[in-house]
Every structure is written in C-alpha cells, then in structure tokens.
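Colleague: I should be grateful for a close look at the cysteines and at the parts of the fold around them. Please take me through it in one connected account.

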Amino acid sequence: MPKKASIDPPKASRPAKKSAVPKKLSGKALAEAEFAQRLADPLSAAKMLEGQPKLSFPAEAMRLGFAVKVMGRSNLKSNDTRRWQQSPHLRVSLGYLAEIFGYLRKHQIHMYRMSSDLAPYATHPMMPQFHTMVRDSAQDLATLGRLAREADVRLSFHPSQFIVLNSENEELTQKSMADLESQAEMLDLMECGPEAVLVVHVGGAYGDRAAGRERWIRTWPRLSEPVRRRLVLENDDIRYSSADVLAIHEQTGVKGVFDYQHHWCFNPEGLPIVETLSKFLRTWPDGVRPEMHFSCARTEMRKLKRRNRKTGKIELVLQPPIWTGHADYNNPFETITWLRSIAHLDTDIMLESKAKDLSLIRLRNDLARYAPELLARYGIDEAQATEDVQEIVEAIEKKQSDE
C-alpha cells in the first residue's frame, strides 16, 4: 500500500513537455496521452473557464437539473475512477468537474448533482494516505465553487446507498457519519450557499420501520453542525415513506426532499401527492429554495441474463418492468401534468431519468411543444427550447466511430 497519495503520472507515461497532445495520435495512444496531461495539470480545464462572462438564472424561475453522469459527452467522467493502487485524487476529479461546468455553460443548465465519489477513498479507514486530500485541495475547491457561482449553478451531493445513519451496526453508522463530514467539508470549502445539500435516505428498516426511525432520530444530535446544516432526508420507494420523513422532521428539524416516483411506489399511508410535496417544501428555511426529485417509471420489458437450471447455459429472459426503475426519458404528458399541478409551488427539480442531461434537454423541447406556458416558469428561452437532442446523440456516435 502506498505511503502517500500522489497524482503524479507514472514515469513511463509522464509527458516530456506540457505541450498540446499531438493531433495525429488516435485511439488508445491518444487517450493515454490526454490522461497523462490531465495528471500533469489536473485543473487545466478550470483555467479555461476563467474570464468567462457571469451567468444569471432568473430568480423567479425554477431550475431543472440532472445527476452526475454527462451523457452528451462520451469521454467526460464525473470523478477520478482509478483504483487506490494508482493513487487517485480529488484534484483530478475537480478537473473533470471543471469540464462538466463548461458543458453546463454550453447547454445553459443551472443545477447539477456532483458525484459522491469526488474524493476517492478520502474516508477509507484502512487507507490513511488519502485522508488529507480534501484539506490539501482547499484552494482548488474554492476555485471550483467560485466558477459554479459565476455560472449560477446549484450544486448538491447524494451520498451512496451505503450511507446508513440508522444502522444497527455502530461501525457502519460511524463510517456513514465520516462520509457525510467529508462531503459537507467540500461544500463548505467551495463556499456553497445553504441550497447546496447532502441528500440521504432514512436507511434500513430491519423489519421495524418505527424502530428504524427512532435510531435515525437518535443519530441526528451526533452529527456535526456542517452536516446538520446541509443534510436533507428523502422518501424512498420500498422502506420509508413520505410520512416517515415528515415524522422524522417533526422530531429533528431535518429538511425533506420529496421524490415523486418514490411516493407513487411506496405510500402506505395514502397521503395526497401535491399536499405532501407542500409539506416537504415547508421543512426548508425561508430564503432557501427547496428541491424535489422527479422521474417516470420505466415501462420497457426487462431483458435479464439467467442460467438455465437444466442446461446450465446462460439465457436471455424477458420480464415485465418494475415500477421502481427509472425511465431513460421522462414521459412528457405525465411530466407536464405534474408541473401544471405544482405551478403554485416554488421548488427546483432534480431530474433522475437515466438519460441524465439528454433527458433534461429533451424535456425543454417537450415543454416548448406541448406546454409553452411553462417555459418562463422554468427559465427556458428559445435557444434552449429548440436544442436538438438527436444532434447531440449523433455527434457522440460519430466521435465514437471515428475513434
């Protein structure tokens, strides 16, 4: 195990000069040369954003955002995915994030959820060589935070499903708390406002939802002030309903994020959907725009690979969809019906469809075609409304074929 985290490239791949990557290279050689340059100067993409004009999203409009992966750029990662043996680093992830900010600028997107793996292994209990990378990257985090503000982008984290604050295992609870501390620290170092939140689920039910709620409530006072200030609790689709989240809010004051699809999937109390969203929005403090999550259910037949017990061969089997699955693109008619029903409520919307940014761009097209009265409500201008998703997809396919 290495003693110190480093972002220096291996000697064999380190470029002799910091000159541009030769254009004649192609395929694997080109990718290796580009990555060597990235390691040599991780924040080069951030430098390219310096001096760009400041952007401003209409204060009265509601933002539409997407999560983590950029689908409109086939070669753009959301974080440094190297294994620990290769010494991955937050600074490399911030280089990718700067490129994503450039993409958001190009497509006029003002809400984005960052990868929860932005700082790889930063809290791993067996790898102390990574534990200082957040503090060591404080200046770079401040730079990225400023660039986000100059582009008027609302940021957030959604820590992974392994973050469980109501676990019956104290070790897991402590590990979850450490991860939240690290992500809250990054948001603070980026100087993000109170709208930049950490979204978590209640956690495991362990056969007793009421007991699970109580364990979460007992964990709340143990969290640091930066975590409590940024933490929001989301209803899920199989264990903890909107009613559970609102009950926990009553005991702790934690803010709530309402998930539209999850509410449809798991609402044993039968709470009315718009009224429940209204209750969630009131858990946020005055002056801070709430957010909610929206997606439509995937309706396609699922294709699963399974081993035939008789023949031992792997076969492709078809199964009906499960309604907890997210659709690639949001159904425009279901989405518009929902948006019209909440037109009197103020909330930014994180789209959780699988096509990510492409789904957001397509939704702007759909609103222009089927519900033009909603364009101003979501800050969509003519250029955004006419941006062609198919052209983006075709450009990706062409780039991939050229490579």
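Modeller: In this predicted model, Cys192 counts as buried, because its relative accessibility is 15%, under the 20% limit for that class. Cys296 is also buried, since its relative accessibility is 2%. Burial does not imply bonding here: a search of the whole structure returns zero disulfides. For Cys296 the reason is distance, because the closest cysteine sulfur, that of Cys265, is 11 Å away, too far for a bond; a disulfide would need the two sulfur atoms within 2.5 Å.

Cys296 leads to a glycine in a loop. Gly325, placed in the loop between β9 (314-319) and α12 (332-341), is in contact with Cys296 as well as with Gln261, Ala297 and Arg298, once neighbours within four places in sequence are set aside. Gly325 is itself buried, because its relative accessible area is 19%, against the limit of 20%. From Gly325 to Asp259 there are 66 residues in sequence, while their C-alpha atoms lie 13 Å apart.

To return to the region of Cys192, the preceding helix deserves attention. Helix α6 covers residues 170-189, and its 20 residues should span 28 Å at 1.5 Å a residue; the C-alpha atoms at its ends are 29 Å apart, so the two values agree. At the N-terminal end of α6, Asn169 acts as a cap, with a side-chain oxygen 2.8 Å from the backbone nitrogen of Glu171. Just after α6, Glu191 adopts a positive phi of about 60 degrees. Within α6, the buried residues include polar ones such as Thr173, Ser176, Asp179, Ser182 and Gln183, together with Met177, Leu180, Ala184, Met186 and Leu187.

Leu180 provides a link to Leu231, which touches Leu180 along with Leu165, Leu198, Val200, Trp216, Trp220, Leu223, Val254 and Lys255, residues up to four places away in sequence not being counted. Leu231 belongs to the largest nonpolar core, a set of 94 residues in which Leu231, Trp216 and Trp338 touch the most other members. Helix α3 (residues 90-107) supplies the largest share of this core, with eight residues. Apart from this core lies another, of six residues, including Val197, Val199, Val232 and Val288. As a general matter, nonpolar side chains in soluble globular proteins tend to be buried together.

Key: Residues are numbered from 1 along each chain as its sequence is written. This is a predicted model: local features need pLDDT of at least 70, side-chain atom pairs count only at pLDDT 80 or more; totals for chains, interfaces and linings use all residues. Side-chain values use heavy atoms; hydrogens and water are left out. A nonpolar core is a set of buried Ala, Val, Leu, Ile, Met, Phe, Trp, Tyr and Cys residues joined through side-chain atoms within 4.5 Å. Buried means under 20% relative accessible area, exposed over 50%, partly exposed in between (1.4 Å probe, protein chains only). Helices (H or I, at least four residues) and strands (E, at least two) are DSSP runs, numbered from the N terminus. Contact means heavy atoms within 4.5 Å. The expected span of a helix is 1.5 Å times one less than its number of residues. A polar contact is a pair of N or O atoms within 3.5 Å; within protein, one must be able to donate a hydrogen and the other to accept it, and residues adjacent in sequence count only if both atoms are side-chain atoms.
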